[in-house]
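Visitor: I would like to understand the words used for this protein. Could you take me through them with the model in view?
Guide: Gladly, here it is.

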Amino acid sequence: MAVLVTRPGEKGTQLVEMLNKSGVAALHLPFFTITAGRELNELPNKLIQLKANDYVMAVSQNAVEYATETLHNTGFHWRADLQYFAIGQQTAMHFSSLSGQAVHYPFQQENSEGLLALPEMHILKGKTVLLLRGNSGRELFPEQVQARGGQVEIIECYQRQAIIYDNLEQTSICKRSGIQTIVVSSGELLKSLIEFVPASEQNWLKSCQLIVVSARIEKMARHFGWTDVVVSPKADNHTLLQTLLTLIS
């Protein structure tokens with residue numbers, strides 16, 4: 001079995017290396033690169049304007065890294081009188097390491113639904129939530145914060161820029177390499193994958209086993225025609241690796 005990894009950036013490269021070291025052939029085909037966001041210069045002022053015990057929420061390690069770098073470069077730091085949140089454990093650990101603050105995250109369900117289920121998120125009247133994310137993303141979290149009485153401020157910390165490929169050539173390489181399993185870590189990547197593969201090869205694509213990181217993405221995949229979809233318990237590379245190795249053994 002050969003595995004196609006669509007996760008962008010260093011995380012994708014790392015997962016491919018981990019698979020190769022474990023004896024599994026893997027290819028990396030990211031659909032976009034990650035660069036600095038266009039609103040980072042607004043971050044220091046947004047942070048200053050928050051009240052004590054307001055919330056800061058990071059959707060990914062990319063958001064954490066670009067935001068922290070911006071604060072350091074402008075002489076600011078993460079305030080100790082705020083509450084910090086992240087979508088998943090790895091992002092929370094990274095955020096805590098760079099900020100020096102405790103960071104809450106949903107242990108059981110590492111997504112927006114899990115985050116919204118935390119006790120701290122039940123009643124948000126009078127709270128402002130500063131959301132650190134990319135140039136696109138799910139609107140569920142900000143919509144629910146507002147529905148629960150909170151105010152949302154969004155900072156675009158990073159942006160995704162599409163990588164241009166020869167779609168036919170890359171699809172042919174995947175087929176010749178024996179790709180039978182594809183790792184997709186977001187709904188956006190799933191849509192990009194479908195758009196990337198030519199119409200004549202959609203049957204091959206849908207015959208591949210899909211490894212996803214949430215029930216929401218699984219539902220999307222089945223809606224688009226996949227029947228063999230496996231949900232990894234968590235989205236970090238170590239869990240994805242164990243999920244893949246378990247399927248192979």
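Visitor: What volume does the largest cavity have?
Guide: The largest cavity has a volume of about 40 Å³. Please keep in mind that this is a predicted model.

Visitor: How many cavities of 30 Å³ or more are there?
Guide: The count comes to one cavity of 30 Å³ or more.

Visitor: What makes a residue part of the lining of the largest cavity?
Guide: A lining residue has an atom within 4 Å of a cavity point. The residues lining the largest cavity are Leu4, Leu29, Thr171, Cys174, Leu193, Phe196, Val197 and Trp204. Helix 7 (167-176) and helix 8 (187-196) each supply at least two residues of that lining.

Visitor: How does the lining of the largest cavity divide by class?
Guide: There are seven nonpolar residues, one polar residue and no charged residues in the lining of the largest cavity. Cys and Trp count as nonpolar here.

Visitor: Staying with helix 8, why is Glu195 called exposed?
Guide: Glu195, found in helix 8, has a relative accessibility of 66%. Exposed means over 50%, so Glu195 counts as exposed. The C-alpha atoms of Glu195 and Ile173 are 17 Å apart in space, with their positions 22 residues apart in sequence.

Visitor: And in helix 7, why is Ser172 called partly exposed?
Guide: Ser172 lies in helix 7 and has 30% relative accessibility. The partly exposed class runs between 20% and 50%, so Ser172 belongs there. From C-alpha to C-alpha, Ser172 and Ser22 are separated by 25 Å, and they are 150 residues apart along the chain.

Visitor: How do you know that Val145 is buried?
Guide: Val145 has 0% relative accessibility, and buried means under 20%, so Val145 counts as buried. Val145 is found in helix 6 (residues 140-147).

Visitor: Which residues does Val145 touch, not counting residues up to four places away in sequence?
Guide: Val145 touches Leu124, Val129, Gly150, Gln151 and Val152. A contact here needs heavy atoms within 4.5 Å. As for Thr128, its C-alpha is 8.9 Å from that of Val145, and the two are 17 residues apart in sequence.

Visitor: Why is His122 called partly exposed?
Guide: At 48% relative accessibility, His122 is not over the 50% needed for exposed and not under the 20% needed for buried, so His122 counts as partly exposed. His122 sits in the loop between helix 5 (112-116) and strand 7 (128-133). Leaving aside neighbours within four places in sequence, His122 is in contact with Leu116, Ala117 and Arg148. The C-alpha atoms of His122 and Asp228 are 36 Å apart in space, and these residues are 106 apart in sequence.

Visitor: What phi does Asn53 have?
Guide: Asn53 has a positive phi of about 75°, although it is not a glycine. Asn53 is in the loop between helix 2 (43-49) and strand 4 (55-58). With 43% relative accessibility, Asn53 falls between 20% and 50%, so it counts as partly exposed.

Visitor: At what angle do helix 1 and helix 11 pack?
Guide: Helix 1 (residues 9-21) and helix 11 (residues 237-248) pack at an angle of about 40°, and their axes are 10 Å apart. Their crossing is right-handed. The contact is made by Lys11, Gln14, Leu15, Met18 and Leu19 from helix 1, together with Asn237, His238, Leu240, Leu241 and Leu244 from helix 11.

Visitor: How do the residues of that contact of helix 1 with helix 11 divide?
Guide: Six are nonpolar, three are polar and one is charged. Lys counts as charged, while Leu and Met count as nonpolar.

Definitions and conventions: Residues numbered from 1 in each chain as written. Predicted model: local features only at pLDDT ≥ 70, side-chain atom pairs only at ≥ 80, totals over all residues. Heavy atoms only, no water. Axes fitted to C-alpha atoms, helices over the stretch in contact; angles between N-to-C directions. Helix = DSSP H or I, 4+ residues; strand = E, 2+ residues; numbered from the N terminus. Left-handed = near helix turned anticlockwise from the far one by under 90°. 1 Å grid on protein atoms, 1.4 Å probe; cavity = no way out; pocket = protein on both sides within 12 Å on 5 of 7 lines; lining within 4 Å. Points joined across faces, edges and corners; volume = space filled by probe spheres on them. Buried < 20%, exposed > 50% of the residue type's maximum accessible area, 1.4 Å probe, protein only.
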